[in-house]
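Let's take a walk through the charged side chains of this protein and see how they pair up. Have the structure open beside you as you read.

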Amino acid sequence: MRPQFAEKGLREMQMWFARGSAMGFAGRLRERLVVPLLIIGAGFFAIAATSPARADFRVCNATQNLVGVGIGYRAKAGWITEGWWHIEGSTCKTLIEGPLSSRFYYLYAEDAERGGRWDGPINMCVAEKEFKIAGVNDCVARGFQRAGFQEYDTGEQASWMVQLTDEPATGGAPAAAPAPGTNSQ
């Protein structure tokens, strides 16, 4: 009787081992595929988490009105003014994408509904419609309008944000105020 029991036990053990080996092979295959994928995924997550935030020059409109915005900056070829970006109330727009290449940027904005403006003492050229104008001299003689832009010293930061608010500045005009957590003036 012992040999039959031993044979039966041996057959059951062989079947169990065969099933276990097959499952072990599938388990090892799964482990060989899943573990590297998890490591690669964790690596991508670590890279994404440590990569710097996107750099750009953004303007946020903290008013409830539509605002038209123009920007001025010094490029390799000289002074450039561009506009108009239309920024709805309580939204933001990127005016310059990528790391900033200048230290100083100049902003002019008009409230399209109430007629107020965010301006400053630096004269640059603008146009009625969408524009990109080279140079800041002789605006009227060249067929453009002259507008006063506010200077923003970015301190050579790669990114900058300006928030336009309803709060009155000196003279009762709306103010360009810093957004929380930004370096704007």
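In this predicted model, Arg103 is partly exposed, with a relative accessible area of 38%. Its salt-bridge partner is Asp153, with N and O 2.7 Å apart. Asp153 is also partly exposed, at 23% relative accessibility; the cut-off for buried is under 20%, so a value of 23% falls outside that class. If you trace the chain between the two, you will find that they are 50 residues apart: Arg103 lies in the loop between β4 (91-97) and β5 (104-111), while Asp153 belongs to strand β9 (residues 145-153). The pair thus links distant parts of the chain.

Now turn to Arg114. Which residues are linked with Arg114 in a network of salt bridges? They are Asp111 and Asp166. Let's take these two in turn.

The closest N and O atoms of Asp111 and Arg114 are 3.2 Å apart. Here the surroundings of the partners contrast nicely: Asp111 is buried, with a relative accessible area of 3%, whereas Arg114 is exposed, at 52%. Exposed means over 50%, so a value of 52% qualifies.

On the Asp166 side, the salt bridge with Arg114 has an N to O distance of 2.9 Å. This pair, too, links distant parts of the chain, with Asp166 in strand β10 (residues 160-168) and Arg114 in the loop between β5 and β6 (117-118), 52 residues apart. Asp166 itself is partly exposed, with 39% relative accessibility.

To place these contacts in the whole, the structure holds four salt bridges, among them the Arg103 and Asp153 pair we began with.

How values were computed
Residues numbered from 1 in each chain as written. Predicted model: local features only at pLDDT ≥ 70, side-chain atom pairs only at ≥ 80, totals over all residues. Heavy atoms only, no water. Salt bridge = Lys/Arg side-chain N within 4 Å of Asp/Glu carboxyl O. Helix = DSSP H or I, 4+ residues; strand = E, 2+ residues; numbered from the N terminus. Buried < 20%, exposed > 50% of the residue type's maximum accessible area, 1.4 Å probe, protein only.
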